[in-house]
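Got your viewer open? Here's a walk through a structure, one selection at a time.

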Amino acid sequence: MDYTQRINQCLDKVLSNQGSLTEAMRYSVLCGGKRFRPILIYTVADTFGANLDQVDSSACAVELIHAYSLIHDDLPAMDDDDIRHNQPACHKRFGEAQAILTGDGLQALAFEVLASDNQLSAVVRIDMLQALTQAAFEMAEGQSIDLGVVSKIIDVNTLKDMHQKKTGALLSCAVKMGALISDCNAKDSQALMHFAKNIGLAYQIQDDVLDVLTPEEVLGKKQNSDAEKNKPTYPALLGLEASKVEYENLYRQARNNLQALSVDTEKLQALTQKLQSRRF
């Protein structure tokens with residue numbers, strides 16, 4: 001079973017009975033998506049020889065947090081997007097109030113799934129819950145910064161800080177979770193954190209570029225939505241070509257970070273290449 005199939009089965013199971021929110025939660029989570037964050041956890045843990053049965057809860061948790069963030073980001077008070085994964089956004093299908101509650105429910109469920117996993121030691125669970133809590137807060141902070149700079153002129157450093165919080169925090173958390181499950185040494189953990197930071201920023205800059213260049217039916221959401229909302233992006237600040245060079249350099253640095261690991265990095269190298277080419 002590949003990682004995508006595994007995480008989809010796990011998500012289907014945890015979302016099977018969530019009361020009156022079941023339909024909206026399943027609609028928003030099981031509709032598709034790249035599953036890159038849970039795949040990242042599985043790949044890191046697998047690289048260090050961890051038992052994948054111990055990875056399922058963290059993989060579900062990080063994807064549930066990601067799904068909740070997308071639901072709330074799409075709301076009219078936030079990014080105001082009507083399409084997500086080539087289907088009506090949660091608030092368009094179920095109404096704004098239910099979309100807010102669906103996101104709230106997914107966030108709570110993420111922590112419940114992780115906290116109740118008895119296959120993990122209490123120490124590891126606490127460390128992972130702390131990592132997920134910090135990432136969820138930074139993600140919200142990044143969105144707050146994003147909303148605050150609409151129609152404003154900002155510098156690249158401010159944009160970089162925003163992206164590292166809004167997008168990079170959850171990606172870094174996924175890498176850290178894989179490392180915590182694997183109990184890898186300090187040197188390997190440090191190399192993984194550098195790797196995560198680079199792919200997190202690269203991923204968002206690449207998203208900014210794809211928002212300009214990719215048709216809506218391929219992108220899964222409205223094209224040029226950032227420009228229409230007058231949001232600062234790397235292409236807006238640096239231009240398309242310079243932005244491409246920037247994220248390609250970051251992916252290159254990420255692959256170099258992996259070379260410092262004490263284990264075979266073939267799976268992580270392959271994942272990084274898939275991410276850069278967006279073959280998910």
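Below is a list of stops, each with something to select and something to look at. Keep in mind that you're looking at a predicted model.

**Stop 1: helix α1**

Start by selecting residues 3-14, which make up helix α1. How far apart are the end C-alpha atoms of α1? They sit 17 Å apart, and that agrees with the 16 Å you'd expect for 12 residues at 1.5 Å a residue.

Now colour Tyr3, Arg6, Ile7, Cys10, Leu11 and Val14, the buried residues of α1. They cover an arc of only 130° around the axis, so they're on the same side of the helix. What do they pack against? Turn on α2, α3, α4, α6 and α15 to see the partners of that buried side.

Before you leave, look at the N-terminal end of α1, which is capped by Asp2. One of its side-chain oxygens lies 3.3 Å from the backbone nitrogen of Thr4.

**Stop 2: salt bridges from α1**

There are 11 salt bridges in the structure. Select Arg6 and Asp56 to find one of them, with N and O 2.7 Å apart. Asp56 belongs to helix α4 and Arg6 to helix α1, so this pair ties together parts that are 50 residues apart in sequence. Buried or exposed? Both Asp56 and Arg6 are buried.

Next, pick Asp12 and Arg26, whose side chains meet in a salt bridge of 2.6 Å, N to O. This one links Asp12 in helix α1 with Arg26 in helix α2 (residues 22-29), 14 residues along the chain. Asp12 counts as partly exposed because its relative accessibility is 35%, and Arg26 is partly exposed too, at 27%.

For another pair, select Lys166 and Asp79, where the closest N and O atoms of the salt bridge are 3.8 Å apart. Lys166 is in helix α8 (residues 156-166) and Asp79 is in the loop between α4 and β1, so parts that are 87 residues apart in sequence get tied together. Lys166 and Asp79 are both buried. Then add Asp53 to Arg6 and Asp56: salt bridges that share partners join these three into one network.

**Stop 3: helix α4 and the loop after it**

Select residues 56-73 for helix α4, then zoom in on Ser69. With a relative accessible area of 8%, Ser69 is buried. What does the side chain of Ser69 reach? Look for the backbone oxygen of His66, at 2.6 Å.

Move on to Asp74, in the loop between α4 and β1. Asp74 has a relative accessibility of just 2%, so it counts as buried. Show the side chain of Arg84 as well, and you'll find a polar contact of 2.7 Å between Asp74 and Arg84. Beyond its neighbours within four places in sequence, Asp74 is in contact with Asp80, Asp81, Arg84, Ala89 and His91.

**Stop 4: the nonpolar core**

In soluble globular proteins, nonpolar side chains tend to be buried together. Here, the largest nonpolar core has 78 residues, and Leu40, Leu64, Leu106 and Leu192 touch the most other members. Which helix gives the most to this core? Select residues 186-213: that's helix α10, which contributes 10 residues.

Centre on Leu40 and show what surrounds it. Leaving out residues up to four places away in sequence, Leu40 touches Leu171, Ala174, Val175, Phe195, Ile199, Leu268 and Leu271.

**Stop 5: helices α14 and α15**

Select residues 240-258, helix α14. Its 19 residues should span 27 Å at 1.5 Å a residue, and the end C-alpha atoms are 28 Å apart, which agrees. The buried residues in α14 are Ser243, Tyr247, Leu250, Tyr251, Ala254, Asn257 and Leu258. They cover an arc of only 115° around the axis, which puts them on the same side of α14. The buried residues of α14 pack against α10, α13 and α15.

Finish at Thr272, in helix α15. Thr272 is buried, with a relative accessible area of 2%. Show Phe195, Ile199, Tyr251, Arg255 and Leu258, which Thr272 touches. Thr272 and Phe195 are 77 residues apart in sequence, but their C-alpha atoms are 9.8 Å apart in space. Last of all, look at Leu268: its backbone oxygen lies 2.8 Å from a polar side-chain atom of Thr272.

How values were computed:
Residues are numbered from 1 along each chain as its sequence is written. This is a predicted model: local features need pLDDT of at least 70, side-chain atom pairs count only at pLDDT 80 or more; totals for chains, interfaces and linings use all residues. Side-chain values use heavy atoms; hydrogens and water are left out. Helices (H or I, at least four residues) and strands (E, at least two) are DSSP runs, numbered from the N terminus. Buried means under 20% relative accessible area, exposed over 50%, partly exposed in between (1.4 Å probe, protein chains only). A polar contact is a pair of N or O atoms within 3.5 Å; within protein, one must be able to donate a hydrogen and the other to accept it, and residues adjacent in sequence count only if both atoms are side-chain atoms. A nonpolar core is a set of buried Ala, Val, Leu, Ile, Met, Phe, Trp, Tyr and Cys residues joined through side-chain atoms within 4.5 Å. Contact means heavy atoms within 4.5 Å. A salt bridge is a side-chain nitrogen of Lys or Arg within 4 Å of a carboxyl oxygen of Asp or Glu. The expected span of a helix is 1.5 Å times one less than its number of residues. The arc is that of the directions from the helix axis to the C-beta atoms.
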